[in-house]
Amino acid sequence: MSAPIFRDPVEDGAADPTVIRREGTNEWWMFYTNRRAAAGGKGFSWIHGSPIGIAVSTDDGASWHYRDTVKGLDAPGDDGLNTHWAPEVIFAEGRYHMFLSYITGVPTHWKVPRTITHFVSDDLESWTRVGPLALSSTNCIDACVFKSPDGLWRMWYKDEGQGSSTWSATSTDMFDWKLEGLVLPGSPEAPPHEGPNVFRLGGFYWLIVDEWRGQAVYRSDDTKNWVRQGIVGGEPGVDALDHKFMRHAQVVVVGDHGALYYFTHPEWDELGHKEGPPDARSRATVIHHGRLTVQDGVLVLERDIPVDLPLLR
């Protein structure tokens, strides 16, 4: 119950999962940040220099198997190791689109420029670079894209340069993006957060964000006006590797439930080492799944479900 569904066999740092069906097949592909849990180096270099990993399921999410890492995502002229985070991958307007959080090189600290960069693909394997987006600052990461009821594609993302707040941009074609504005304030007005994810379930639109103590939940009728509901994933799961806070989640809606994908640091003492995990063991991460339903207008999480449950069916 609530045991990990996937652990990266190379870097042991699978995080920030996003799951998508490969069109015309029975394959579900999971793209994830592949943190370098065992990497040495100064400061926060271990969380940088990360490629994007891929795991594939052919049994509706009952099992996942490592495939490879995504190639060809570095910016022209950025030779050597670079940082790829939190891929948002969706099928829209006849193609696959990836919105990748990109950082040049392997920084040892947080205060460096970060951009959300757009790529397109016809097969989920080969990606063509469109380019970085001009958004609310030069420190934007964690894109989520969803088509709103007003007919616009809407992107939510984290602006680290403005109190770790959530902002939005809109597009009619997935290529030309216009800044819309602040959605959820961050510190000091409200809790800082990251990893926004938007989906429709049970007759409502939902926005979840990672507050590093579980996922904050917001509900909306239009994806523009949000009302806070509470937090899910703050209480520990039953399995020994699922006792920690639920981090950076993504939801795939299947019928009347949502398949929730998230990661944990199973060996990190999150309260005792608030500055970050201090060694390779505590930096290791694992991917879990949970099930979301809506009951009387409230988003309800089942965290403790079988590891081999085919949630994508």
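Me: A cavity is a set of grid points where a 1.4 Å probe fits but cannot get out. How much space lies in the largest cavity here?

Reply: About 100 Å³. The model is a predicted one. Closest to the centre of this cavity are Pro87, Glu88, Ala143, Pro196 and His248, out of 15 lining residues. The lining draws at least two residues from each of β1, β5, β9, β13 and β17.

Me: What makes a residue part of the lining?

Reply: An atom within 4 Å of a grid point of the space. By that cut-off, the lining of the largest cavity splits into 7 nonpolar, 5 polar and 3 charged residues.

Me: How many cavities of 30 Å³ or more are there?

Reply: The count is 2. The second largest cavity holds about 30 Å³. Its lining is Ile208, Gln215, Val232, Met246, Ala249, Leu260, Leu292 and Leu299.

Me: How does the lining of the second largest cavity divide into nonpolar, polar and charged?

Reply: It has 7 nonpolar residues, 1 polar and no charged. Ala, Val, Leu, Ile and Met are among the types counted as nonpolar, whereas Gln is not on that list and therefore counts as polar. Gln215 belongs to this lining.

Me: What makes a space a pocket rather than a cavity?

Reply: A pocket is an open set of points, with protein on both sides within 12 Å along at least five of seven lines. The largest pocket holds about 790 Å³. It has 34 lining residues, and Ile47, Trp110, Glu194, Trp212 and Arg247 lie nearest its centre. Two or more lining residues come from each of β5 (83-92), β9 (140-147) and β17 (247-254). By class, the lining has 13 nonpolar, 7 polar and 14 charged residues.

Me: Which residues are closest to the centre of the second largest pocket?

Reply: That pocket has about 430 Å³ of space. Val89, Ile90, Val145, Phe146 and Gln250 are the closest to its centre, among 23 lining residues. The elements giving two or more residues are β1 (14-21), β5, β9, β13 (194-201) and β17. This lining has 15 nonpolar, 3 polar and 5 charged residues.

Me: Why are β13 and β16 said to stand at the edges?

Reply: The sheet is open and has 4 strands in the order β13-β14-β15-β16, paired antiparallel. β13 and β16 (227-232) each have a single partner strand, so one side of each has no neighbour in the sheet. On average, neighbouring strands are turned by 25° against each other, direction ignored.

Me: How do you know that β15 and β16 pair?

Reply: Pairing requires at least two bridges between the strands. β15 (residues 215-220) and β16 have 5 bridges, in the antiparallel sense. They therefore pass the cut-off. One bridge sets alanine 216 against isoleucine 231 of β16.

Me: Which strands stand at the edges, each with a single partner, in the sheet that has the order β1-β2-β3-β4?

Reply: This is another open sheet of 4 strands with antiparallel pairing. β1 and β4 (65-69) stand at its edges; each has a single partner strand, so one side is left without a neighbour in the sheet. Here too, the average turn between neighbouring strands is 25°, direction ignored.

Me: How many bridges join β1 to β2?

Reply: There are 6, and β1 and β2 (residues 28-34) run antiparallel. With at least two needed, these strands count as paired. Threonine 18 has phenylalanine 31 in β2 as its bridge partner.

Me: How many disulfides does a search of the whole structure find?

Reply: It finds 0. For cysteine 140, the nearest cysteine sulfur is that of cysteine 144, 15 Å away. A disulfide needs two cysteine sulfur atoms within 2.5 Å. At 15 Å, the sulfur of cysteine 144 is too far from that of cysteine 140 for a bond.

Me: Why is cysteine 140 called buried?

Reply: Buried means under 20% relative accessible area. Cysteine 140 has 1%, so it is buried. Cysteine 144 has 2% and also counts as buried.

Me: What makes glutamate 180 partly exposed?

Reply: Its relative accessibility is 39%. That value is neither under 20% nor over 50%, so glutamate 180 falls in between. Glutamate 180 lies in strand β12 (residues 178-184). Valine 238 is 58 residues from it in sequence and 41 Å away in space, C-alpha to C-alpha.

Notes:
Residues numbered from 1 in each chain as written. Predicted model: local features only at pLDDT ≥ 70, side-chain atom pairs only at ≥ 80, totals over all residues. Heavy atoms only, no water. 1 Å grid on protein atoms, 1.4 Å probe; cavity = no way out; pocket = protein on both sides within 12 Å on 5 of 7 lines; lining within 4 Å. Points joined across faces, edges and corners; volume = space filled by probe spheres on them. Axes fitted to C-alpha atoms, helices over the stretch in contact; angles between N-to-C directions. Buried < 20%, exposed > 50% of the residue type's maximum accessible area, 1.4 Å probe, protein only.
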